[in-house]
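User: Hey, can you walk me through how the helices pack here and where the pockets are? I've got the structure open.

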Amino acid sequence: MKTMLVAIGGNSLIRAGEKGTVAEQEANARRTAHAIVGLIQDGYRLVVTHGNGPQVGADLLRSERAIDQVPSLPLDVCGAATQGEIGYLLVQALRSELLHAGLHVPVVSVVTQSLVSRDDPAMLHPTKPIGPFYSRADAEERRRTLGWQIVEDAARGYRRVVPSPDPTDIIEQEVIRGLVNDGVLVVACGGGGIPVVEENGDLHGVEAVIDKDRASALLASELGVDIFAISTDADFVYFDYKKPTQRPLTSVTAAEIECHLHSGQFPPGNMGPKVESALRFLKAGGREVIITSFEHLLDAVHGMAGTHILPKAPPETESSEVQPAVAGERF
């Protein structure tokens, strides 16, 4: 049976201009679930991963505001909590859409840990902003009392930054593999997974944030899925984005898009990590990456939308043409 990992972005639950209420997230989860169920109807076994940036920020803010009432929560625990929160919303939405489609597919959310190394250079150079903005005085107080690293945003104030190390292993990968092989639709690796380090055989959470797409690429590689699909807020990866010469990339090889990446086409804070993650998956033996919006995900899998990245150009075709996936049993 064909297999796919779908990494859905933060916009799948909280869209631009929304406050992020539970009602808004429930409605967005149903729209996302509808697209995912279409893939199941096409015969795919799926793993779904997701972001959690807005939800973690809200949890940290709640923890800050309630510190005089209850103990504050460390970042790894906030990550675990939001995995459960988002997993609950997605599982409910997926279950409802599956039943509506007449499909009897079990669904489960797996709170997932991602292994990182304390020796990762990123651990010494925090760059990932998290949580609310502070005044200079409040930021300095937190730097002094809590040991936080703080950066200034000239327009909005001061903000905490934490490391963003590379994941080296997905702790629950064998559990996820077994579930998928049993026909279960799995939601996993939320927010890139809870960052943990291993010391003397024990796992310990660390104050860090893992890029969701990098963790998803690693999980996709470890599972050996046929297609790694990244759902974002753009229909395509664009060359010369927001310039007069802008054009969508439909089908490109790994070598071609890597050249565009090195030439500065894809900014680090936007499409860059997604393209890097796509390349990691393909270099590890993956067959195809699709990048598109979740509204166009089903059409993209059918070869009618989105950006398709392949290890190399298919025989007797030009790389500008979209080619459908060649799927196989790899679990």
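**Helix packing and pockets**

Analyst: Sure, keeping in mind that this is a predicted model. Helix α1 (residues 22-41) packs on α3 at an angle of about 55°, and their axes are 8 Å apart.

User: What would you call that arrangement of α1 and α3?

Analyst: Angles under 35 degrees count as roughly parallel and 65 to 115 as roughly perpendicular, so α1 and α3 are oblique to each other. As for handedness, α1 passes α3 in a right-handed crossing.

User: Which residues in α1 and α3 meet?

Analyst: From α1 you have Q25, E26, A29, R30, A33, H34, I36, V37 and I40. On the α3 side they meet E85, L89, L90, A93, L94, S96, E97 and L98. By class, that contact of α1 with α3 has ten nonpolar, three polar and four charged residues.

User: OK, moving on. How do α6 and α8 pack?

Analyst: Helix α6 (residues 212-223) and helix α8 (residues 272-283) have their axes 9 Å apart, at an angle of about 15°. That falls under the 35 degree limit, so α6 is roughly parallel to α8. The crossing of α6 past α8 is right-handed.

User: And which residues in α6 and α8 meet?

Analyst: K212, D213, R214, A217, A220 and S221 come from α6, and they meet P273, K274, E276, S277, R280 and F281 in α8. Sorted by class, the contact of α6 with α8 has six charged, four nonpolar and two polar residues.

User: What about α5 and α6, at what angle do they pack?

Analyst: Helix α5 (residues 173-181) packs on α6 at about 60°, with the axes 10 Å apart. That makes α5 oblique to α6, and their crossing is right-handed. Here Q173, I176 and R177 in α5 meet L219, E222 and L223 in α6. The residues of that contact divide into three nonpolar, one polar and two charged.

User: Switching to pockets. How much space lies in the largest pocket?

Analyst: About 1200 Å³. It is lined by 45 residues, and the closest to its centre are G53, K128, V209, D211 and K212. K212 is also one of the α6 residues in the contact with α8.

User: Which elements supply at least two residues of that lining?

Analyst: α2 (53-65), α3 (75-100), β5 (128-134), β10 (194-199), α6, β12 (227-232) and α8.

User: How does the lining of the largest pocket divide by class?

Analyst: Into 16 nonpolar, 19 polar and ten charged residues.

User: And what volume does the second largest pocket have?

Analyst: About 360 Å³. Of the 18 residues that line the second largest pocket, E64, I67, S72, L146 and W148 are the closest to its centre. Two or more lining residues come from each of α2, β5 and α4 (136-146). As for class, the lining of the second largest pocket has nine nonpolar, four polar and five charged residues.

User: So which elements should I select to view the linings of both pockets?

Analyst: Try α2 and β5, which give at least two residues to the lining of the largest pocket and two or more to that of the second largest.

Definitions and conventions. Residues are numbered from 1 along each chain as its sequence is written. This is a predicted model: local features need pLDDT of at least 70, side-chain atom pairs count only at pLDDT 80 or more; totals for chains, interfaces and linings use all residues. Side-chain values use heavy atoms; hydrogens and water are left out. Axes are lines fitted to C-alpha atoms, for helices over the stretch in contact, and angles run from 0 to 180 degrees between N-to-C directions. Helices (H or I, at least four residues) and strands (E, at least two) are DSSP runs, numbered from the N terminus. Angles under 35 degrees count as roughly parallel, over 145 as roughly antiparallel, 65 to 115 as roughly perpendicular and the rest as oblique. A crossing is left-handed if the near helix is turned anticlockwise from the far one by less than a right angle, and right-handed if clockwise. Contact means heavy atoms within 4.5 Å. Ala, Val, Leu, Ile, Met, Phe, Trp, Tyr, Cys and Pro count as nonpolar, Asp, Glu, Lys and Arg as charged, and the others, Gly among them, as polar. On a 1 Å grid over the protein atoms alone, a cavity is a set of points where a 1.4 Å probe fits but cannot get out, and a pocket is an open set with protein on both sides within 12 Å along at least five of seven lines; lining residues have an atom within 4 Å of a point. Grid points are joined across faces, edges and corners, and a volume is the space filled by probe spheres set on the points.
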